Amino acid sequence: MDIIWIIVGAICLLVGLAGCFLPALPGPPLSYVGMILLHLTDKVQFTATQLIVWAILVIIVQVLDYFTPLIGTKYSGGSKWGNRGCIAGTVIGIFLFPPWGIIFGPLVGAVIGELLGGKLTHEALKAGLGAFVGFLLGVILKVSLCGYFVVVFISALF
């Protein structure tokens with residue numbers, strides 16, 4: 001049974017890493033589930049403190065992930081149009097222009113969103129850049145946490 005838990009846990013970690021870039025997948029929570037599954041095996045036992053701290057980190061990163069694009073857009077003069085455009089640009093960019101769409105999709109989407117919302121071009125570019133920087137900050141936080149989980153998972157097994 002341990003092998004099944006380890007395999008499913010590894011799949012959760014991989015899907016969690018993908019979720020750092022795909023807005024539809026909750027990356028850190030999936031990676032945390034992978035850690036819980038590894039904990040259920042006889043091979044590795046994490047302390048209660050580790051599991052609680054990791055759960056708190058996952059919650060913090062998930063909450064920040066929703067607010068970093070908003071904060072970036074707000075401080076650069078953007079609106080909800082820019083945030084929605086950032087999300088749409090991310091999704092479209094991933095599927096239509098991989099791998100560069102992951103990087104440039106949020107920026108282009110935020111600018112287009114701001115233009116559709118009635119902003120002037122220079123205002124839309126500024127707000128789009130702010131949303132993009134906020135999005136990247138959220139991705140960096142999620143990848144850092146999920147990457148840490150992957151390292152701990154592999155280290156614990158070997």
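**Before the views: what counts as a helix and as a lining residue.** Helices here are DSSP runs of H or I with at least four residues, numbered from the N terminus. A residue lines a pocket when one of its atoms lies within 4 Å of a pocket point. With that in hand, let's walk through this predicted model.

**Figure 1. The whole chain is built from helices, with six of them and zero strands.** Reading from the N terminus, the order of elements is α-α-α-α-α-α. The C-alpha trace spans about 60 × 30 × 20 Å along its principal axes. Of the 158 residues, 39% count as buried.

**Figure 2. A close-up of the largest pocket, with a volume of about 380 Å³.** The lining is made of 21 residues, and those closest to the pocket centre are P23, D65, Y66, P69 and I87. Which helices each supply at least two residues of this lining? They are helix 3 (48-75), helix 4 (80-96) and helix 6 (121-157). Helix 4 gives the most, contributing six residues. Sorted by class, the lining holds 13 nonpolar, four polar and four charged residues.

**Figure 3. A close-up of the second largest pocket, with a volume of about 170 Å³.** Here 14 residues form the lining, and G89, I92, G105, V108 and G109 are the closest to the centre. Helix 4 and helix 5 (100-116) each supply at least two lining residues. Helix 5 gives the most to this pocket, with eight residues. How many charged residues does the lining have? There are no charged residues here; the lining has seven nonpolar and seven polar ones. If the glycines at the centre catch your eye, note that Gly is counted among the polar residues.

**Figure 4. A nonpolar patch on the surface, made of I59, V63, Y66, F67, L70, I71 and Y75.** Together these residues have about 780 Å² of accessible area. You have met Y66 already, as one of the residues closest to the centre of the largest pocket.

**Figure 5. A closer look at F67, a member of the nonpolar surface patch.** This phenylalanine is found in helix 3. Why does F67 count as partly exposed? Its relative accessibility is 44%, and partly exposed covers the range between buried, under 20%, and exposed, over 50%. F67 therefore falls into the partly exposed class. The patch itself takes in residues with over 30% relative accessible area, so the 44% of F67 also fits that cut-off.

Note on methods: Residues numbered from 1 in each chain as written. Predicted model: local features only at pLDDT ≥ 70, side-chain atom pairs only at ≥ 80, totals over all residues. Heavy atoms only, no water. 1 Å grid on protein atoms, 1.4 Å probe; cavity = no way out; pocket = protein on both sides within 12 Å on 5 of 7 lines; lining within 4 Å. Points joined across faces, edges and corners; volume = space filled by probe spheres on them. Patch = residues over 30% accessible without salt bridge, like charges linked within 9 Å, V, L, I, M, F, W, Y side chains within 5 Å. Areas by Shrake-Rupley, 256 points an atom, 1.4 Å probe, with all protein chains shown as cover. Salt bridge = Lys/Arg side-chain N within 4 Å of Asp/Glu carboxyl O. Buried < 20%, exposed > 50% of the residue type's maximum accessible area, 1.4 Å probe, protein only.
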